[in-house]
Amino acid sequence: MHIQVDILENEIIEKYPDVLDVLLRDQTTQRNILWATNNYNDLGQSYNYKSEISPASITGHNGNVIMPRVQKDKILQQSRARNMAEVFTPSWICNAQNNLIDNSWFEKQNVFNKEIELDDGSWVWDVNPRKVTFPKNKTWKDYVRNKRLEMACGEAPYITSRYDTTTGAFIPVNERIGILDRKLRVINENVNTSGEWLKAAQTAFMSTYAYEWQGDSLLLAREAMLFTFIENYTLKFGKEPLLKSIKYIAYIISWNVWQMDGIKGVIPDSCKTIHTSNELFFDIEEVKSFPCSGCEKDNIRKHNGIYCLVKDWSNKDKATGRKGKKIRFIDLLNN
């Protein structure tokens, strides 16, 4: 099992056939996710802002096109920070904020780790080696099912801390502090059979959500979550999960971690101005333009773009009878 920070798309294609196709899927449009960034324009038409990310564009000779932010050159990092407000959070801050959530859920502190300030002013954490215990009227299954969302997730450091996104340092499985990392730790501590573990892990992934604008960061987030699944299973059982299990987790991720303009609730830049023309007389046409009402009035429910879909895995789709009811993300928001 490798411990690379950068998950190589060539490796995914070689080891896990068809999984990259699933990770690139946009379940709302039933096409591939978009680049949604101009950072790759110089590589050709296939890398334009509104182009879909295809397997061919990021594998083979193009296998190093997508890489974590920490490995990008400083000029590109500064450009993305300036143009897209892309700022990555150190793992110790992610840990501190995730601890605040868990302090409330467990009604006590230092459940997963204890934060320690060093002499130089930086922070680390000391993992609690004891099995996690639960408050009255709550069980480990309740924790695994608890729904959590990372907004504008970037490479999803709050969900899984495979590496520190600011330093690039790889973090061992037992020391990770992300939302998903904690759920998988609880599963590891309470489940000993492969079948039960897989079922619980699927629930953990189904209850963990995130969205991101830029396609490269979105793919990195999806890949990190998938490899977190593989690494935890391997740590627990001494071997990798079967391909069919990996594919199913990738499918869940493709629904739960999606591409979206978080202000509008739509696929990035899918709103448009609609032009109509009517022939009047003497070959004169009247042309009218109708801009997106949601954009004009800053009303999230009035956009003419493509509203993003997510799945409520706790309900069945009436049309198919399968697990997971499709709903618009904006319909989850309070009026």
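The following dialogue shows how several features of this predicted model may be read.

Colleague: Where should one begin, and how many helices and strands does the chain have?

Modeller: One begins with the inventory of elements. In this predicted model, the chain has ten helices and eleven strands. The C-alpha trace spans about 85 × 45 × 45 Å along its principal axes.

Colleague: What does the radius of gyration say about the chain?

Modeller: The value is compared with that of a compact globule. For 335 residues such a globule would have a radius of gyration near 20 Å, and the chain has 22 Å, so the two agree.

Colleague: What share of the residues is buried, and what does the accessible surface come to?

Modeller: A residue counts as buried when its relative accessible area is under 20%. Buried residues are 48% of the 335 in the chain. The accessible surface is about 17,200 Å², and carbon and sulfur atoms account for 51% of that area.

Colleague: How many positive and negative side chains are there?

Modeller: The chain has 44 positive side chains and 42 negative ones. The centres of these two sets are 9 Å apart.

Colleague: How does one read contacts against the sequence?

Modeller: One asks how far apart in sequence the partners are. Among contacts between residues at least 6 apart in sequence, 65% join residues at least 24 apart. A210, in strand β6 (residues 208–212), offers a case to examine. A210 and R148 are separated by 62 residues in sequence, yet their C-alpha atoms are 8.4 Å apart in space.

Colleague: Is A210 buried or exposed, and which residues does it touch?

Modeller: A210 is buried, because its relative accessible area is 0%. Setting aside residues up to four places away in sequence, A210 touches L149, E150, C153, I159, N256, V257 and W258.

Colleague: How may the length of a helix be checked, and what span does helix α8 reach?

Modeller: The distance between the end C-alpha atoms is compared with the span expected at 1.5 Å a residue. Helix α8 (residues 215–237) has 23 residues and reaches 33 Å, close to the 33 Å expected. Helix α6 (residues 179–190) has twelve residues, which should span 16 Å; its end C-alpha atoms are 17 Å apart, so the values agree.

Colleague: How many residues of α8 and of α6 are buried?

Modeller: Both helices are mostly covered. In α8, 20 of the 23 residues are buried, and in α6, ten of the twelve are buried. The buried residues of α6 include the charged residues D181, R182, K183 and R185.

Colleague: Which residues are buried in helix α9?

Modeller: A general idea helps here. An α-helix has 3.6 residues a turn, so residues three or four places apart point the same way. Helix α9 (residues 243–256) has 14 residues and reaches 20 Å, close to the expected 20 Å. Its buried residues are S245, I246, I249, A250, I252, I253, S254, W255 and N256.

Colleague: Y251 lies in helix α9; how is its accessibility classed?

Modeller: Y251 counts as partly exposed, because its relative accessible area is 29%. Apart from residues up to four places away in sequence, Y251 touches V22, Q27, K311 and W313. Y251 and V19 are 232 residues apart in sequence and 8.6 Å apart in space, C-alpha to C-alpha.

Colleague: What does W140 show, and how far is W140 from I267 in space?

Modeller: W140 shows that separation in sequence and distance in space are to be read separately. W140 and I267 are 127 residues apart in sequence, with 35 Å between their C-alpha atoms. W140 belongs to helix α5 (residues 140–145), and counts as buried because its relative accessibility is 15%. Beyond its neighbours within four places in sequence, W140 is in contact with F134, V186, I187, N190, V191, E196 and A200.

Colleague: Finally, how is a positive phi to be read, and where does Q30 lie?

Modeller: Most residues other than glycine have a negative phi. Q30 has a positive phi, near 60°, and lies in the loop between β1 (25–26) and β2 (31–32). Q30 is partly exposed, since its relative accessibility is 41%. D298 also has a positive phi, near 50°, and its place is in the loop between α10 (293–297) and β10 (309–316). D298 is exposed, because its relative accessible area is 68%. A glycine case is G238, which follows α8 and has a positive phi near 75°.

Definitions and conventions. Residues are numbered from 1 along each chain as its sequence is written. This is a predicted model: local features need pLDDT of at least 70, side-chain atom pairs count only at pLDDT 80 or more; totals for chains, interfaces and linings use all residues. Side-chain values use heavy atoms; hydrogens and water are left out. Helices (H or I, at least four residues) and strands (E, at least two) are DSSP runs, numbered from the N terminus. The radius of gyration is taken over C-alpha atoms; the globule rule is 2.2 Å times the number of residues to the power 0.38. Buried means under 20% relative accessible area, exposed over 50%, partly exposed in between (1.4 Å probe, protein chains only). Contact means heavy atoms within 4.5 Å. Accessible areas come from the Shrake-Rupley method with a 1.4 Å probe; for residues, only the protein chains shown count as cover. Lys and Arg count as positive and Asp and Glu as negative; His and the chain ends are not counted. The place of a charge is taken as NZ of Lys, CZ of Arg, CG of Asp or CD of Glu. The expected span of a helix is 1.5 Å times one less than its number of residues.
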